[in-house]
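I am opening a notebook on this structure. The entries below record what I looked up, one topic at a time.

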Amino acid sequence: MADDIAIKVSNVSKTFILPHEKHTSLKSAFINFYKRKKGYEKQQVLNNVSFEVKKGEFFGIVGRNGSGKSTLLKLISGIYTPDTGSIEINGKLVPFIELGVGFNPELTGRENVFLNGALLGFSRKEMEAMYDEIVEFAELERFMDQKLKNYSSGMQVRLAFSIAIRAKADILVLDEVLAVGDEAFQKKCYEYFAELKRNKKTVILVTHDMTSVQRFCSRAMLIDGGDVIENGNPAHVAQKYSELFIDQNDKGKKLGNGSVVNKNIKAQVEFRKKTGYWLFDIQVKPAKPIKNAVLALIMFKKDGTQVWNWASDYPGKNLPDNLFEKELKLEITLEDIFPADGFYLNLYIKAKDRTKDYAVFENVVEFEKVLPSTAHKYDNGWQPKMKIQLK
Amino acid sequence: MKQYISKQNKALLSELVRTDFKLRYQGSVLGYAWSLLRPLLIFLILYIVFVKFLRLGADVPHFPIYLLLGIVLWNFFSEMTSQSLTSIVGRGDLIRKIRIPRWMIIFSTSISAVINLFLNLLVVGMFLVLNKVELSWSVLWLPLIIIEIYIFALGLSLFLSAAFVKYRDMSYIWEVILQAGFYLTPILYPLTLITNEFFQKLLLMNPMAQAIQDARYSVVTHETITTHTLFEGGWYMFIPLILVVVVLLGGLLYFKNEAKYFAENI
């Protein structure tokens, strides 16, 4: 292996054996053997993965949930053993799959610091030398002689992080450690990353967060379904990552008719994406004509917050009054000013004076936005631009 | 070899053992005193039942010490194996999250057991003095006998802990085997109680029986049946030792093979 290579992964494959009913007892092992029953399923998690990380690189590994990135991380860290292929590591590697591994709630903060330090490879003497620094950085001076179980989760994370950043390693492996903690803590994390980058440390970062990939990584790799999809420029990889979702979410998920108040009305909404715009194809079919009715739409974020609403009698669009005389077909084009999130749409047919709901279609379409919006107009209370076309 | 005794590993080992001890008597009023008090009290019960009521071993000099030594050594064996058995699964959090040498977990558990053994031997020592047992030079064999038991227990611990990851039945099976072993080993009764010489020989094939008898011979009284006296120097007096080596090698091999998959199987 060349001197400037820190990690070399060659043709690594990994398969997990997933027992249908985990035979952790001898009896089932015997029975399965006797019946020649295959009590398990094989799941290929990584196929022939190869890549190199150079010394001093800040290398990002990205992928969706279940893409195999965490498995890869554990293979690099030496926690799992690959089925085939080889992994060569040049230097001392310290993995952070999780913060505060080995923390014991029954021990005091002080005792946990020493235990955790030993797990990171520090001797007691070394730990004693930096103990004060660790405590000070974690801002926990008053609590060190209390049991860890009496700490808040934030305090535990602070303590763990404060020890972790002292790890002396040639190669650091980080797994979404960022995902926890409040804003102040995340800021500390980012500062630590920036420091690692300045000091030309070799770092492997596994994450979902494309912002931090583009901010810190000098190179990134995208894996999906156990294959390497892309390996190179972080911006390019982030782009590819977002494209993975487009196939799935561009059309939206049709959820049938939702709950129906009036069985004589049928409604259907289809969702499409265009650059910067969202398109809704709406089709409403009343069995009998409905007079003096309006169409109302309310869009929610997945957590239930309302983000947009509109009704056909709102001023400005000059729609005809007799919308539901016969079948209604219209296309709504909505400017995409929304944050990345999951959304769903409710459709209502209401009396003009709002005294009566003719039909309520909840959750008539569901869709997701993955990439954050370039413009954050939504936060400033902007209304999206909108266009309606009757068909 | 050097990598096994690196500075980091030593620090980690001492920290794991320390934690183990801190947690053992967590929340108890008497704390560490229990590690002496517990064997003392258990011994007291056995002494009353077996020496005063059942009047076993009346013909053996210093039978109470004889009894105590046997119990202490057996307890060490039983504690080390049964605690190791669950140790890999119990430390699953470490195994799945960091790169910790797997054998280190077994090793730290075994060291905790050894420390406990020495505390118990202190109690034995106290009774030796109280009972005015005259020690002979043969007491120097004791460390070697303890090493033998340790190696035997280590081999079994390696095997059991690795097997427990896959088969959770192991803990119940081992519990039963330990119970059977306790009665098959001349601990509560002197070996002279068994009059059939063939059965005596058979019982002494068990490394634990051989070790306990040897320990009694070297520390308490030379009037103890050992493999040496029973087999009169035949080669098969080494069978228990061979068994110990076989168990260690088997355990090591199995553990080494399985250790690669601990993280995914736990």
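Which residue takes a positive phi just after helix 4 of chain A? I looked, and A:Glu139 does, at about 55°. I note at the start that this is a predicted model.

**Entry: helix 4 of chain A**

I stayed with this helix. Helix 4 of chain A has 15 residues. From its first C-alpha to its last it reaches 19 Å, close to the 21 Å expected at 1.5 Å a residue. I then checked for a bend. Helix 4 bends by about 50° at A:Met130.

Next I asked which residues of helix 4 of chain A are buried. I found A:Met127, A:Ile134, A:Val135 and A:Ala138. These buried residues pack against helix 3 and helix 5 of chain A.

**Entry: helix 3 of chain A**

That led me to helix 3 of chain A, residues 109-119. Here 10 of the 11 residues are buried, so the helix is largely enclosed by the rest of the structure. I listed some of the buried ones, including A:Glu111, A:Asn112, A:Phe114 and A:Asn116. A:Gly109 and A:Gly117 are also among them.

What do the buried residues of helix 3 of chain A pack against? Within chain A, I found helix 4 (124-138) and helix 5 (153-164). From chain B, helix 1 (7-24) joins them. After helix 3 of chain A comes A:Gly121, whose phi is positive, near 95°.

**Entry: where the chains meet**

I turned to the contacts between the chains. On chain A, 28 residues are in contact with 24 residues of chain B. Two elements of chain A give two or more residues to the side that touches chain B: helix 1 (26-35) and helix 3. The largest share of that side, 5 residues, comes from helix 3 of chain A. I sorted the side of chain A that touches chain B by class: 14 residues are nonpolar, 9 polar and 5 charged. The predictor gives the complex an ipTM of 0.84 and a pTM of 0.76.

**Entry: the cores**

How many residues does the largest nonpolar core have? I read 122. The residues with the most contacts inside this core are A:Ile204, B:Leu69, B:Leu73 and B:Ile149. Helix 3 of chain B, residues 63-90, gives the most to this core, with 15 residues. A general point fits here: in soluble globular proteins, nonpolar side chains tend to be buried together.

I followed B:Leu73 further. Leaving aside neighbours within four places in sequence, B:Leu73 is in contact with B:Ile149, B:Ala211, B:Ile212 and B:Ala215. Apart from the largest core lies another, of 27 residues. A:Val269, A:Ile282, A:Val294 and A:Tyr344 are among its members.

**Entry: chain A as a whole**

I stepped back to chain A. Its secondary structure comes to 8 helices and 18 strands. Of its 391 residues, 32% count as buried. Among contacts in chain A with a separation of 6 or more, 71% join residues 24 or more positions apart.

**Entry: confidence**

Last, I checked pLDDT. Chain B has a mean of 89, and 98% of its residues reach 70 or more. Chain A averages 83, and 87% of its residues score at least 70.

Where is confidence lowest in chain A? I found it in strand 10 (residues 253-254), at a mean of 47. Confidence is highest in strand 4 (residues 84-89), at 94. Over residues 248-261 of chain A, pLDDT stays under 50. For that stretch, the model has 34 contacts beyond four places in sequence.

Conventions:
Residues are numbered from 1 along each chain as its sequence is written. Chains are lettered from A and ligands numbered from 1 in the order in which they are written. This is a predicted model: local features need pLDDT of at least 70, side-chain atom pairs count only at pLDDT 80 or more; totals for chains, interfaces and linings use all residues. A nonpolar core is a set of buried Ala, Val, Leu, Ile, Met, Phe, Trp, Tyr and Cys residues joined through C-beta atoms within 7 Å. A residue is buried if 20 or more other C-beta atoms lie within 10 Å of its own, exposed if 12 or fewer, and partly exposed in between; C-beta atoms are placed from the backbone. Helices (H or I, at least four residues) and strands (E, at least two) are DSSP runs, numbered from the N terminus. Two residues are in contact if their C-beta atoms, placed from the backbone, lie within 7 Å. Ala, Val, Leu, Ile, Met, Phe, Trp, Tyr, Cys and Pro count as nonpolar, Asp, Glu, Lys and Arg as charged, and the others, Gly among them, as polar. pLDDT is the predictor's confidence in each residue, from 0 to 100. The expected span of a helix is 1.5 Å times one less than its number of residues. The bend at a residue is the angle between axes fitted to the seven residues ending there and the seven starting there.
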